[in-house]
Amino acid sequence: IYILAIESSCDDTSAAVLCNDVVLSNVVASQKIHELYGGVVPELASRAHQQNIVPVIDQALKQAKVKKEDLQAIAFTRGPGLMGSLLVGTSFAKSLALALDIPLIDVNHMQAHILAHFIKEQEYPVPEFPFLALTISGGHTQIVKVTDYFDMEVIGETIDDAVGEAFDKSAKILGLPYPGGPLIDKYAQHGDPKAFPFPKPKVKELNFSFSGLKTAILYFIQKEVDQNPSFIEEHLHDICASIQYTIVNILVDKLKKAVKHTGIKSIAIGGGVSANSAIRKALKEGEQKYGWQTFIPKFEYTTDNAAMIGIVGYLKYLQQDFSDISIVAKARIKI
Ligand code: ATP
Ligand code: FE
């Protein structure tokens, strides 16, 4: 079956066409405008979605060589995300499903970051149930016990900032543009991860906290820059490597705990931060060190994309789990 999927939860407008679990196209229009403001401006995001949505869907259909009359369902992101952004995708999906008289399928964005692993791709094996999912993105940091496609339990999560925010806010302190996560990753490649030790937070059980790290970095940088105004330029690589090392350590420590707690050694990562090279490396090392089996998604399915919405659409289609046309977007939804 052919499914059109639409993702518009934050600042990327994306459309994908899937034939069953195979992705035929996955078009993403990223919004550059937010770089000027050092973060996503909700009002500008929803306006950009309105401008992008028709051309992005057009392109996804063209690339897939599928006509809209051939579509058998429309999947869309219902939430969580920015209300104004979600509204654009939701309204569009509803109107198109109504016009084509085909089923409408609502998708939870965070489930999609996890179920992206079930997209059929050469060289990317699919995890077996049960597995642990570490979802690390701009808005979330969770360890999820996944027992079946739609049987998921959050067993740990952040009590303040998300990992992506920790990266982006640290980058901002260093004067790097938004989003700074990928830049920290880049500069860290040539730095010493143990140059500047930062404290690790003490958080109970499987939960995370990143706001203290951000403050520690801020005070450290302020103090050093006071003594040497060009401290950041001189030590950028070492600072980035040290920040990244601390964050990855925090994540790996909690994963070790989660494995011990659940007895599940199969770990899949998802969300934008899973693009981070140090996290990928640490997981691979975990295979040797701790006997983990790890699953790292294809790069284009880590950050926000509609292909991951499409795979959830397909899985729900198989269960005939359709949405009513009266469905509304929701800024906050649990997994
Ligand atoms: P959510 O999925 O929680 O709603 P989001 O959709 O905004 O949040 P994603 O698009 O999944 O988040 O991820 C974006 C985040 O990933 C940003 O914080 C960005 O800095 C971070 N990121 C992307 N690439 C890297 C990288 N290589 N290293 C570190 N962080 C990265
Ligand atoms: Fe996301």
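Two strands pair if DSSP finds at least two bridges between them. By that rule β9 (residues 266–270) and β10 are paired: three bridges join the two strands in the parallel sense. The legends below describe a predicted model.

**Figure 1. Confidence of the predicted model.** Mean pLDDT for the protein chain is 96. A value of 70 or more is reached by 100% of the residues. The scores are ipTM 0.97 and pTM 0.94.

**Figure 2. The β9–β10 pair sits in an open, mixed sheet of five strands.** The strand order is β8-β7-β6-β9-β10. β8 (151–157) and β10 (293–295) are the edges; each has a single partner strand, so one side of each lacks a neighbour in the sheet. Neighbouring strands are turned by 25 degrees against each other on average, direction ignored. Between β9 and β10, serine 266 has glutamine 293 as its bridge partner. Helix α7 (residues 231–262) packs on this sheet. Its contacts reach β6 (131–136), β7 (141–148), β8 and β9. The directions of α7 and β6 make an angle of about 155 degrees.

**Figure 3. A second open sheet, also of five strands, runs β3-β2-β1-β4-β5.** Its pairing is mixed. β3 and β5 (104–108) are the edge strands, and each pairs on one side only. From one strand to the next, the twist averages 20 degrees. Two helices pack on the sheet. Helix α1 (residues 42–64) touches β2 and β3, and its direction makes about 25 degrees with that of β2. Helix α2 (residues 83–100) touches β1 (2–7), β4 (73–79) and β5. The direction of α2 makes about 155 degrees with that of β4.

**Figure 4. Strands β2 and β3 form a hairpin.** β2 (residues 12–19) and β3 (residues 22–30) run antiparallel and are joined by eight bridges. Threonine 13 has alanine 29 in β3 as its bridge partner. Alanine 16 is bridged to asparagine 26 of β3. Two residues lie between the strands. In this turn, asparagine 20 has a positive phi of about 55 degrees.

**Figure 5. The shell around ligand 1 holds 23 residues.** The closest are Gly138, Gly139, Gly164, Gly181 and Gly272. Three elements each give two or more residues to the shell: α3 (109–115), α4 (163–173) and α5 (181–188). By class, the shell has six nonpolar, 14 polar and three charged residues.

**Figure 6. Helix α5 has five named buried positions: Gly181, Ile184, Asp185, Tyr187 and Ala188.** These buried residues pack against α4, α7 and α8 (277–290).

**Figure 7. Lysine 214 lies in helix α6 (residues 211–227).** Lysine 214 has 21 C-beta neighbours inside 10 Å, so it counts as buried; the cut-off is 20 or more. Leaving out residues up to four places away in sequence, lysine 214 touches Asp161, Ala166, Lys169 and Ser170. Isoleucine 184 is 30 residues from lysine 214 in sequence, and their C-alpha atoms are 14 Å apart.

**Figure 8. Valine 66 occupies the loop between α1 and β4.** Valine 66 counts as partly exposed because it has 19 C-beta neighbours inside 10 Å. Beyond its neighbours within four places in sequence, valine 66 is in contact with Tyr2, Val17, Leu24, Leu61 and Leu71. Leucine 87 is 21 residues away along the chain; the C-alpha atoms of valine 66 and leucine 87 are separated by 25 Å.

**Figure 9. Two cis peptide bonds precede prolines.** From glycine 79 to proline 80 the bond is cis, with omega near -5 degrees. Proline 80 is placed in the loop between β4 and α2. From phenylalanine 129 to proline 130 the bond is cis, with omega near -10 degrees. Proline 130 is placed in the loop between α3 and β6.

**Figure 10. Aspartate 101 and glutamate 205 have positive phi.** Aspartate 101 is not a glycine, yet its phi is about 55 degrees. Aspartate 101 belongs to the loop between α2 and β5. With 6 other C-beta atoms within 10 Å, aspartate 101 is exposed. Glutamate 205 has phi near 50 degrees and lies in the loop between α5 and α6. Glutamate 205 has 10 other C-beta atoms within 10 Å and is exposed.

How values were computed:
Residues numbered from 1 in each chain as written. Chains lettered and ligands numbered in written order. Predicted model: local features only at pLDDT ≥ 70, side-chain atom pairs only at ≥ 80, totals over all residues. pLDDT = per-residue confidence, 0-100. Near = placed C-beta within 6 Å. Helix = DSSP H or I, 4+ residues; strand = E, 2+ residues; numbered from the N terminus. Nonpolar A, V, L, I, M, F, W, Y, C, P; charged D, E, K, R; others polar. Buried ≥ 20, exposed ≤ 12 C-beta atoms within 10 Å, placed from the backbone. Contact = placed C-beta atoms within 7 Å. Axes fitted to C-alpha atoms, helices over the stretch in contact; angles between N-to-C directions.
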